[in-house]
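I opened the notebook to record how the chains of this model are arranged, how two of them meet, and what surrounds one chosen side chain. The entries follow the order in which I looked things up.

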Amino acid sequence: MGKALIALLTDFGRRDYFVASLKGVILSINPDCQIVDLTHEVPDYNLQAAAFILWACYQFFPAGTIFLTVVDPGVGSERRLILLQTDRHIFIAPDNGVLSLILNQERAELFEVSNKKFFITDRRTSFEGRDKMAPVAAWMSLGVSVTELARPVTSVKRLDFAEPQLRPKEIQGNIIYEDKFGNLITSISQELVARFLERNKGTNLVLLAGKKKITDMAPTYSLASADRPFFMINSLGLLEIALYKKSAAETLGLGSGDPVVLKVD
Amino acid sequence: MGKALIALLTDFGRRDYFVASLKGVILSINPDCQIVDLTHEVPDYNLQAAAFILWACYQFFPAGTIFLTVVDPGVGSERRLILLQTDRHIFIAPDNGVLSLILNQERAELFEVSNKKFFITDRRTSFEGRDKMAPVAAWMSLGVSVTELARPVTSVKRLDFAEPQLRPKEIQGNIIYEDKFGNLITSISQELVARFLERNKGTNLVLLAGKKKITDMAPTYSLASADRPFFMINSLGLLEIALYKKSAAETLGLGSGDPVVLKVD
Amino acid sequence: MGKALIALLTDFGRRDYFVASLKGVILSINPDCQIVDLTHEVPDYNLQAAAFILWACYQFFPAGTIFLTVVDPGVGSERRLILLQTDRHIFIAPDNGVLSLILNQERAELFEVSNKKFFITDRRTSFEGRDKMAPVAAWMSLGVSVTELARPVTSVKRLDFAEPQLRPKEIQGNIIYEDKFGNLITSISQELVARFLERNKGTNLVLLAGKKKITDMAPTYSLASADRPFFMINSLGLLEIALYKKSAAETLGLGSGDPVVLKVD
């Protein structure tokens, strides 16, 4: 095992003192800790986006990584701070559902962070990321055990992500994420498409998205026709709508939440 | 003590080669140095904002941290490079007042960086961050002493931050910082409010900001009423105007510099 | 030598899971690797800008640094992944010309990354940065040799950067980069200007840029007259058009690609 690694995910942006404060706190407790920024540009208070980003990259991190997610519209309220332990990773976050997609994917033990002696302050604070969550992550990175910090709980808050629906002649899903290139990632997985194709062998697929009908499919961006939106299975194993070197989101006028239907032509 | 830590604060943005150049220089001199970005998104040339951000987070960093601040509208001119040494930290910056709030807070020894042998070039340069300040910080992180690098000076430039005024029935202050969520941080401290309340026990407080009168007070964001601006003591111990999950700055049409008055209702 | 250092340059932005994925992959292979972000804000698919940023800062990095550049409009296609080895550094990138300016500057051995056993997947992928390039960089940072990973090639793709032209009474060049302050960096080097001045001793120089004639020259930003555009030799040794504390680009209405002429007045 390498040295301790804490990965940060917030909606703090980079322009203020927020992220620096977390890092200062962590390094004051564990100066040898390596800190990686997942991103700090989660749209303000957007738990769905944060949940997706975390899900999209956590598997690539080393065993032992501690993920600290501070997207926290309920900061300072009575909502709990929770801790999930999976086979390979630790996740610390407010109990607001931001870890839902991890829970969908991983077998996890659930805890509530309860031992206030690891906090910088045990009073109410409007910056729990700095005063409570960062120190807890840092102490864990030094080897403090989960049982010293937290007590088991039986359930935590879950976000309601709409499940894609597999019908005989179509799959109904949604756009769940728009990336910076304007690619539109949907909730329809590779596995679902494979099952659909099993049942509908030898047929052509089209994707209905908003008022558009997309007929091109391509294995990757650069193999699509210029100026024609297409769909593909992306590097996360999800159906994605894209446009080579352009923004599909802008061109099609679509974004997160919009419904899509993959169907037999 | 852990390994050497240099914290960077600039208005360089992240899109160019500027920040990378500082890091390359530092790591070429001290490959084991840990580098933390406070932020590089200080508004262009804005010394007040840089001074505030530094003040807001420096205390959370480990003893021994070297803070390198490069917000430097006078780059290449005859203005000095200065170095402050406090009990716990080192601060390196152009002599333009950007360290004023540190000097207000800390007892510091003042130095001018004078030994050109630690510079990459001793000629005039339009990138002193890379050519002079970063190497000085890096050599210090390797253990070069202040006295080898710099000579004592008796004073350095100070910015003029308007002090809040405590009157019998009101406190007059200013908005000094607007964060990315649109929260408006004022110059009025928790201590000043406490002294004011001592003198005005049992009264209700209101905050006048621009043409608005704010009557709600809340202990933290999530405990405020939806869609009603409120004021609170924030995590820096300063009076702050906020709006739950919205931008107070945008909603109220207020920003840095605007006056505020906290008074008995 | 210090510990292994990988420097990342991409057009991924910071808001998604892309950069985090690269870092997770690298740290899973080499947990002790230090990772530095050059920038992730290269304009989408802009190979010229990426080539320039890399050129502008690589020399400041320690010997042994591995530069991983993922600006890759051809991702997933048959274009090769290449590796350049110079005296001091390793460069890994798609074979799309993004390393052209390094090749102009350095003697380099050219390789094609060919050993798929170091990839996360050897199948077609729309995220080769994560699945192929990051693991190759990480394995190299652990000491895997170039010959294990790659095979020599005789040529790689080059971008067509217009060379500045030295004429008897003028130098013709172009704006090649606009930085975040709005400074306009041209292709005309200090050396070219020196040769021109040799031939035209004792004359005044003016710079024609767009429809503007710039007559002020200054050694650095802060020594220029307020509100008057000027030209200078910048910290990269290139002729630059600037405006003290303002954006020359915006004020003059100029940007990358626009022609400039330095001439005798």
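**Axis and copies**

I began with the rotation axis and found that, of the residues of chain B, B:Gln34 comes closest to it, its C-alpha lying at 5.2 Å. Before going on I noted that this is a predicted model, in which local features need pLDDT of at least 70 and side-chain atom pairs count only at pLDDT 80 or more, while totals for chains, interfaces and linings use all residues. I also noted that residues are numbered from 1 along each chain as its sequence is written, that chains are lettered from A and ligands numbered from 1 in the order in which they are written, and that side-chain values use heavy atoms, with hydrogens and water left out.

I then superposed the copies, by least squares on the C-alpha atoms of residues with pLDDT of at least 70 in both. A turn of 120 degrees with a shift of 0.0 Å along the axis lays chain B on chain C with an RMSD of 0.0 Å. For chain A on chain C I likewise read a turn of 120 degrees, a shift of 0.0 Å along the axis and an RMSD of 0.0 Å. Chains A and C are thus related as by a three-fold rotation axis. In chain A the C-alpha nearest that axis belongs to A:Gln34, at 5.2 Å.

**Where chain B meets chain C**

Taking contact to mean heavy atoms within 4.5 Å, I found 32 residues from chain B and 35 residues from chain C in the contact. Only 6% of the interface residues of chain B are also interface residues in chain C, so the copies meet through different surfaces.

The buried area (the accessible area, with a 1.4 Å probe, that two parts lose on being put together, summed over both) is about 2900 Å² between chain B and chain C, and carbon and sulfur atoms give 56% of it. On the chain B side, B:Arg15, B:Tyr17 and B:Tyr45 supply 25% of the area buried against chain C, more than any other three residues.

I looked next for a salt bridge (a side-chain nitrogen of Lys or Arg within 4 Å of a carboxyl oxygen of Asp or Glu) and counted 1 between chain B and chain C. B:Asp44 forms a salt bridge with C:Lys180, with the closest N and O atoms 2.5 Å apart. On the side of chain B that touches chain C, the largest share, 8 residues, comes from helix H1 (residues 18-29) of chain B, helices being DSSP runs of H or I with at least four residues, numbered from the N terminus.

**A lysine in chain C**

Last, I turned to C:Lys132, which is found in helix H4 (residues 128-141) of chain C. Is C:Lys132 buried or exposed? At 11% relative accessibility C:Lys132 counts as buried, the class for under 20% relative accessible area, as against exposed over 50% and partly exposed in between (1.4 Å probe, protein chains only). Leaving aside residues up to four places away in sequence, C:Lys132 touches C:Leu81, C:Phe119, C:Thr121, C:Arg123 and C:Thr125. I also recorded that the C-alpha atoms of C:Lys132 and C:Thr121, 11 residues apart along the chain, are separated by 7.2 Å.

Definitions and conventions: Helices (H or I, at least four residues) and strands (E, at least two) are DSSP runs, numbered from the N terminus.
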